[in-house]
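Okay, thanks for making room on the agenda. Let me put the structure up, and then I'll walk through a handful of spots in it.

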Amino acid sequence: MNLILLGAPGAGKGTLASYLIEQMGVPSISTGNILREAIKNNTPLGQSAKEYMDAGKLVPDEVVIGMLKERIAKRDCKSGFILDGFPRTIPQAEALDEIAHIDCALSLEVADDVIEKRMTGRRVCLRCGATYHVEANPPRVKDVCDICGDKLVIRSDDQAEVVRHRLETYHEQTEPLKGYYEAQGKLKSIDGAQGITATEKFAVEALGL
Ligand code: AP5
Ligand code: MG
Ligand code: ZN
């Protein structure tokens, strides 16, 4: 299955993707994680993306579309994939339709005030991309990644001011994608405001896994 996870910043796309990887046996592609890794390694891609991300704006379509095409062409995507954070604009969705058949767009519905609270407790591993929450999903050892042992950090775009900008960007540019996929008969929406386990259960039911 080729699946898109839609949802506001902090709706739980990355957290659900790490569960669905196991359930579906396909890789998940997070354009945010690819960009953060590029920034960490100070590559030309990272240098051009950093100012947009730090301001809570979208990186230009042509940059992310090229990046996604390259990733989706890799062999591990042949039997299916989960997209976390792509597409985020109508032109990105149109470009995706030209390179792959999408089976379903699953939207995680979470109100803005719940999201603002969640972001303050998020901790991430910049080496492997794993995501934690100090209360809802803590690592076994404080501030240490369970998977690779790297030190956990607060994402630079998780400051309250930037989170508000990211939410505005989401409502203006990404939320219209729900209509785009609804018109194709591919949209499914689930409540993402309950606990992590509840969200996983809703997703399994919606996807018929
Ligand atoms: P990206 O990395 O994609 O960030 P985002 O969409 O803003 O989403 P997040 O990663 O912040 O949240 P999430 O939904 O994955 O939630 P998570 O699982 O972490 O993009 C970052 C930036 O990169 C963008 O702003 C843009 O600049 C650029 N970019 C990326 N893709 C782009 C594209 N296609 N085009 C243009 N620019 C692009 O969960 C959040 C927290 O809540 C965690 O702490 C988690 O433990 C906790 N949590 C999760 N689920 C639950 C639950 N059910 N109950 C309680 N807590 C929960
Ligand atoms: Mg994420
Ligand atoms: Zn890690």
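So, Ala 55. Apart from residues within four places in sequence, Ala 55 is in contact with Val 162 and His 165. Ala 55 sits in the loop between α3 and α4, with α4 running over 61-72. Buried or exposed, or something in between, for Ala 55? Partly exposed, because its relative accessible area is 31%, and the buried class stops under 20% while exposed starts over 50%. There's also a long-range pairing here: Ala 55 and Asp 157 are 102 residues apart along the chain, yet their C-alpha atoms are separated by 7.5 Å. Oh, and I should say right away that this is a predicted model, so everything I quote is computed from it.

Asp 157 leads me to a pocket. Asp 157 is among the residues that line the second largest pocket, and that pocket has a volume of about 190 Å³. What else is in the lining? From the earlier part of the chain you get Arg 36, Ile 39, Lys 40, Lys 50, Met 53 and Asp 54. Then come Leu 126 and the run Val 153, Ile 154, Arg 155, Ser 156, and Asp 157 again. Two helices, α2 (31-40) and α3 (44-54), each supply at least two of the lining residues. If you're thinking about chemistry, the lining splits by class into six charged, five nonpolar and one polar residue.

Next, the metal. Which residues hold the zinc ion, ligand 3? Four cysteines, each through SG: Cys 125, Cys 128, Cys 145 and Cys 148, at 2.3 to 2.4 Å. Along the sequence, those donor residues follow the spacing C-x2-C-x16-C-x2-C. The geometry comes out tetrahedral, with angles of 96 to 119° among the four donor atoms. For reference, the ideal angle for four tetrahedral donors is 109.5 degrees. Why does this site get the tetrahedral label? Because the rule asks for all angles to lie between 85 and 135 degrees, and the range at this zinc ion is 96 to 119°.

Two of those cysteines are worth setting side by side. Cys 125 is buried, with a relative accessible area of 2%. Cys 128 is partly exposed, with a relative accessible area of 36%. Cys 128 is in the loop between β5 (122-124) and β6. Not counting residues up to four places away in sequence, Cys 128 touches Cys 145, Ile 147 and Cys 148. With Cys 148 in particular, Cys 128 has a sequence separation of 20 residues, and the C-alpha to C-alpha distance is 6.9 Å.

Now some backbone oddities, for those of you who check torsions first. Most residues other than glycine have a negative phi, and most peptide bonds are trans. Where do we find a cis peptide bond? Between Phe 86 and Pro 87, with omega at about -5°. Pro 87 is in the loop between β3 (81-84) and α5 (90-99).

As for phi, Asn 42 isn't a glycine, but its phi is positive, about 55°. Asn 42 lies in the loop between α2 and α3, and Asn 42 counts as exposed because its relative accessible area is 51%. Asp 143, another non-glycine, has a positive phi of about 60°. Asp 143 is in the loop between β6 (131-133) and α7 (160-174), and Asp 143 is partly exposed, at 26% relative accessible area.

Phe 86 comes up again in the contacts of Thr 31. Thr 31 is in helix α2 and is buried, at 4% relative accessibility. Leaving out neighbours within four places in sequence, Thr 31 contacts Met 67, Leu 68, Asp 84, Gly 85, Phe 86 and Arg 88.

Last one: Lys 178, in helix α8, residues 177-183. Buried or exposed? Lys 178 counts as buried because its relative accessibility is 17%, and the cut-off for buried is under 20%. Beyond four places in sequence, Lys 178 is in contact with Leu 6, Ser 107, Glu 109, Tyr 170 and Leu 187.

That's my tour, so over to you for questions.

Key: Residues numbered from 1 in each chain as written. Chains lettered and ligands numbered in written order. Predicted model: local features only at pLDDT ≥ 70, side-chain atom pairs only at ≥ 80, totals over all residues. Heavy atoms only, no water. 1 Å grid on protein atoms, 1.4 Å probe; cavity = no way out; pocket = protein on both sides within 12 Å on 5 of 7 lines; lining within 4 Å. Points joined across faces, edges and corners; volume = space filled by probe spheres on them. Helix = DSSP H or I, 4+ residues; strand = E, 2+ residues; numbered from the N terminus. Nonpolar A, V, L, I, M, F, W, Y, C, P; charged D, E, K, R; others polar. Donors = N, O, S within 2.8 Å, 3.2 Å for Na, K, Ca; no water. Tetrahedral: all angles 85-135°; square planar, octahedral: opposite > 155°, others 65-115°. Buried < 20%, exposed > 50% of the residue type's maximum accessible area, 1.4 Å probe, protein only. Contact = heavy atoms within 4.5 Å.
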